[in-house]
Every structure is written in C-alpha cells, then in structure tokens.
Amino acid sequence: MTMIEVGPPEPEDIFTDNHRWGDLDDWNATALRLHERDGIHHIERSGFEPFWAVIDHEAVLDIERQPELFTNEPEPVLTTLASRAARGVDIKTLIHMDAPQHPKYRNLTADWFRPASIKRMDERLTELSEEAVSKLETFGGVCDFATDIALPYPLQVILKILGLPEDDFPRMMTLTQQLFGGEDPDLQREPPSIEVIQQILMDFYAYFTELTADRRANPTDDLATLIANGQIDGETMPDLETMGYYVIIATAGHDTTSSAMAGGLHALIDHPDQLAKLQADPGLMNNAVEEMLRWTAPVRHFMRTARADTEICGQEIREGDSLYLSYKAANLDPKVFDDPLTFDIERQNASSQVSFGYGVHFCLGAQLARMELRSLFGHVVPRLGSIELADAPATMKTTFVGGHKRLPIRYKLT
Ligand code: HEM
C-alpha cells in the first residue's frame with residue numbers, strides 16, 4: 001500500500017478545493033492572510049489551467065469596468081480540465097456572452113428588472129414572507145432554516161416572475177438543484193448517469209418549448225412572455241439561447257438568494273447584539289441586508305479572460321490569461337472594509353460589497369434579491385423572541401455558488 005503524505009492545506013487552495021468552502025471561518029481567515037500578501041495570486045493546481053485569483057476590491061471593479069479587455073468568453077466559471085473535456089452541448093446564457101451579443105440579449109429583459117417594474121412583486125413577497133412566519137409557527141420551535149425556509153422561498157419567486165404554476169415547483173427544483181447545483185458531494189444524492197442527465201435535459205427542452213409556444217400564442221405580462229417573444233436583430237431568438245435565458249433566470253435567482261437568506265440569519269444568530277439592534281430599529285434593515293450580502297457573497301467567483309497584455313495590482317498579465325474574480329475575498333478587503341471579519345449592520349460602506357458583481361454583467365436580479373431579503377427578514381426578525389443554533393450548521397462544498405445547506409435552529413416566536 002502506498003502512503004500519501006498530506007501536508008497542511010495551502011492558502012491558495014481556497015480557490016480550487018471545494019472542501020475548503022465547508023469551513024467558512026477558515027476560508028475567511030485564509031483570505032485575510034492572502035490580502036496581507038497581495039491583491040492578486042497566481043494559482044497552479046493539478047486538474048486546473050493556471051489562473052490569477054484577484055482578491056483586491058478595486059482590481060475586481062477595474063476588471064469588470066473593461067469588458068472589452070477582460071471577456072466572459074470562453075470560460076466564465078472555474079472548471080476542471082476533466083469537466084471541460086467531458087462537456088457536451090453548452091447552453092449559452094447571458095453570463096457566457098460578450099458584446100455585441102450580450103447587450104442585445106440583456107436588453108430584452110433589463111427593463112423588467114428595474115425597481116419601478118419589480119414593485120409588482122411586492123404583494124407576492126409579502127405573501128411568501130407571511131407564509132415563512134406561519135411555517136415557523138407550525139414547526140413549533142425547531143427547524144432547518146436552510147432547507148425549510150431559505151431554499152423554497154426564492155424558487156417560489158422565480159415561478160412567479162416566469163409566470164409558472166405552483167405545481168411546477170418540484171420540476172424547477174430539479175433544474176436548479178440537480179442539473180445546475182453545486183459540486184458538493186453531500187447534495188448529489190446519486191451522481192446522475194449521462195442517460196439520466198440527458199433524460200432530464202430532454203424533459204426541460206420539451207417543457208420550455210411548450211412554454212415558449214404558449215406565451216407566443218397567449219402573451220401575458222410575465223418574464224416568460226418577454227423571453228418567448230424576444231427578437232435579436234429582428235429575428236426570433238435561436239432555441240438554445242431561449243433555453244439558456246429561462247435557465248439563467250431560474251438558476252441565478254435560486255441558490256444565490258437562498259444562501260444569502262440562510263447565511264444572513266446565521267450571522268444574526270452568531271451576533272445577538274446585531275439582532276437586538278435590528279429589532280430595536282427596523283430602519284436599519286436596508287443596511288443590514290447589504291452587510292448580509294457582503295458577509296455571505298453567495299456567488300463565490302466569476303472568471304474573465306485577458307484579451308491583451310496588461311497589468312493588475314502591479315502584476316504583468318498576458319493575453320489569454322484567466323482571471324478569477326473572488327467576490328468573497330474582495331468583500332473582505334481590509335483596505336475597503338474596516339475589521340472585515342466583524343459583522344456590523346451599521347457598517348458605513350456595507351453597500352460597497354461586490355456580491356452582485358459590477359459593470360455590464362452586474363446582476364440583473366440584484367434589486368429583486370434585495371427586496372426578497374428585506375421582506376423575509378422584515379417579517380421574521382420582529383417575531384423572534386429568542387433564537388440559537390440547534391445543531392451544527394453546514395455550508396456547501398462548492399467553488400461556485402453556495403452557502404448553507406443546513407442551518408438547524410431553535411427559536412421562540414413572540
Ligand atoms: C443574493 C442573490 C444574488 C447574488 C449574490 C447574485 C450574484 C450575481 C453575480 C455576481 C452576477 C455576475 C455579475 C458580474 O459578472 O459582474 C450575477 C449575474 C446575474 N444574475 Fe444574479 N445574483 C443574485 C440573485 C439573482 C436573482 C434573484 C436573479 C433573477 C431572478 C438573478 C439573475 C441574474 C442574471 C440574469 C445574471 C446575468 C447578468 C449578465 O450576465 O448580464 N440574480 N448575479
């Protein structure tokens with residue numbers, strides 16, 4: 001038998017080793033150590049193309065400000081060499097596009113996501129937040145906030161914005177969790193075989209094709225109608241791009257927001273003084289939500305590719321180099337955020353968090369996500385007489401989108 005020696009984990013592994021995301025305190029502390037060294041780090045790890053991890057807050061913004069120099073194509077997300085080789089047909093979404101294609105596709109739905117327009121969601125969010133409180137009452141003092149409350153809430157919102165019936169909830173859950181879920185080994189109940197994946201994909205293809213046909217014949221004011229009838233350069237959107245649009249709305253809006261909800265509550269449990277402050281002054285809610293977003297950064301990263309030789313944080317970057325924008329580490333940049341490991345709902349510049357990215361790809365659903373968080377916490381927080389962890393929480397071991405997969409709580413409602 002060969003013995004393999006395992007040394008202490010290397011700090012730079014926090015970008016490539018999904019297990020490192022299972023211990024967020026360690027991840028954060030490691031990111032701070034890396035900040036002390038530099039704002040950019042060259043990462044060479046077996047199984048990955050070498051890349052630059054950018055953790056400096058200003059550098060992340062600078063890169064996002066220059067979409068011609070730093071493109072999303074060809075790889076907007078960190079992938080292993082093995083999964084690149086195994087990949088079949090790619091669904092093309094907004095995140096995979098650059099100009100001139102990207103603005104044309106983004107403009108199809110951009111107005112729908114503007115604050116004045118998504119005010120139409122107010123009533124549904126109130127209903128969902130009231131339902132969340134009723135569930136907490138029904139559970140009688142113990143539940144898993146991550147799976148019981150945070151997971152279903154944003155998916156119900158997605159059903160509403162796409163105009164889909166409540167009965168489609170399980171089907172959409174399959175899409176966001178099984179097909180596009182993270183690589184956490186615990187969440188993949190059984191690794192689906194190629195045949196199973198193809199079957200699920202065919203099912204969705206049929207489902208979205210029917211939805212498209214329906215919304216072309218019977219347009220409404222929902223987002224599915226905009227997507228189904230979307231024209232690019234005067235032509236109907238190609239099938240694969242139409243699918244990609246439904247898929248990005250469903251997936252981008254789900255685990256992200258769930259993770260901010262569960263991670264936000266965990267932060268309040270770990271910092272009872274902050275919870276008390278928020279209960280005493282509900283006017284702090286907007287800033288508290290910004291701090292929760294800074295704290296959780298559910299989208300851990302996106303990638304960019306340099307299109308010319310350039311320089312970042314004094315480091316020479318060559319044309320073709322890959323850059324990993326670490327939103328999580330940028331939110332901990334001590335040059336921008338005082339005491340970055342302190343959760344402070346009154347932090348003056350909490351809204352400088354970069355959890356929604358920046359520039360031309362800035363999260364389309366940012367205002368909606370904020371509304372969801374404000375509504376949920378606006379309903380739950382005033383009712384909390386007491387709250388504590390009932391068991392150990394757990395976070396997803398995934399390098400892309402993640403947060404809590406378990407948050408067992410014990411609570412009393414007033
Ligand atoms: C807390 C929740 C959320 C977080 C942290 C988040 C984060 C992000 C990030 C980091 C990006 C990439 C930005 C960049 O490259 O600069 C993004 C893009 C996007 N997000 Fe979100 N998101 C959230 C919720 C939502 C919701 C609720 C929706 C819609 C229902 C949504 C839809 C999108 C779309 C469509 C894009 C692609 C935009 C483009 O490439 O032009 N997101 N999001």
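Let's start in the middle of a sheet: Trp52 stands opposite Leu323 in β10. This is a predicted model, so local features need pLDDT of at least 70 and side-chain atom pairs count only at pLDDT 80 or more, while totals for chains, interfaces and linings use all residues. Residues are numbered from 1 along each chain as its sequence is written, and side-chain values use heavy atoms, with hydrogens and water left out.

Names like β10 come from DSSP runs, numbered from the N terminus: helices are H or I runs of at least four residues, and strands are E runs of at least two. Two strands pair if DSSP finds at least two bridges between them. Strand β2 (residues 51-54) and β10 do this in the parallel sense, over 3 bridges. Step back and you'll find an open sheet of 5 strands with mixed pairing, in the order β1-β2-β10-β7-β3. The edge strands are β1 (40-43) and β3, each of which pairs on one side only.

Now slide along to β7. On one flank, β7 and strand β10 (residues 322-326) pair in the antiparallel sense over 5 bridges, and there the bridge partner of Met303 is Tyr324. Strand β3 (residues 70-71) also runs antiparallel to β7, joined by 2 bridges, with Thr71 opposite Thr305.

How many residues of β7 are buried? For strand β7 (residues 301-306), it's 6 of 6. Here "buried" means under 20% relative accessible area, "exposed" means over 50%, and "partly exposed" is in between (1.4 Å probe, protein chains only). In a regular strand the side chains alternate between the two faces of the sheet. You can see that here: His301, Met303 and Thr305 point one way from β7, Phe302, Arg304 and Ala306 point the other way, and all are buried.

β7 also leads us to the ligand. The elements that give two or more residues to the shell around the ligand are α4 (101-110), α12 (239-252), α13 (255-270) and β7. There are 31 residues around the ligand, and Glu64, His102, Arg106, His361 and Cys363 come nearest; a residue counts as near if one of its heavy atoms lies within 4 Å. Some of the contacts here are polar, meaning a pair of N or O atoms within 3.5 Å; within protein, one must be able to donate a hydrogen and the other to accept it, and residues adjacent in sequence count only if both atoms are side-chain atoms. An oxygen atom of the ligand is 2.6 Å from an N or O atom in the side chain of His361, and an oxygen atom of the ligand is 2.7 Å from an N or O atom in the side chain of His102. The backbone joins in as well: a polar backbone atom of Ala252 is 3.4 Å from a nitrogen atom of the ligand.

Next, a helix. What span would you expect for the 18 residues of helix α6 (residues 122-139)? The rule is 1.5 Å times one less than the number of residues. That gives 26 Å for α6, and its end C-alpha atoms are 26 Å apart, which agrees. The buried residues of α6 are Arg124, Leu125, Leu128, Ser129, Ala132, Val133 and Leu136. Among the elements covering them are α7 (145-150), α8 (152-162) and α17 (366-380). Right after α6 comes Gly140, whose phi is positive, near 70 degrees.

Finally, charges. Side chains of opposite charge can pair when their charged atoms come close. A salt bridge is a side-chain nitrogen of Lys or Arg within 4 Å of a carboxyl oxygen of Asp or Glu, and a search of the whole structure finds 25 of them.

One joins Glu12 and Arg37 (3.0 Å, N to O). That pair links distant parts of the chain, 25 residues apart: Glu12 lies in the segment before α1 (24-37), and Arg37 lies in helix α1. Is each partner buried or exposed? Glu12 is buried, at 14% relative accessibility, whereas Arg37 is exposed, at 52%.

Lys335 and Asp333 form another salt bridge, with their closest N and O atoms 3.1 Å apart. Lys335 is exposed at 60% relative accessibility, but Asp333 is buried at 1%. Salt bridges that share partners join Asp56, Asp333 and Lys335 into one network.

Notes: Contact means heavy atoms within 4.5 Å.
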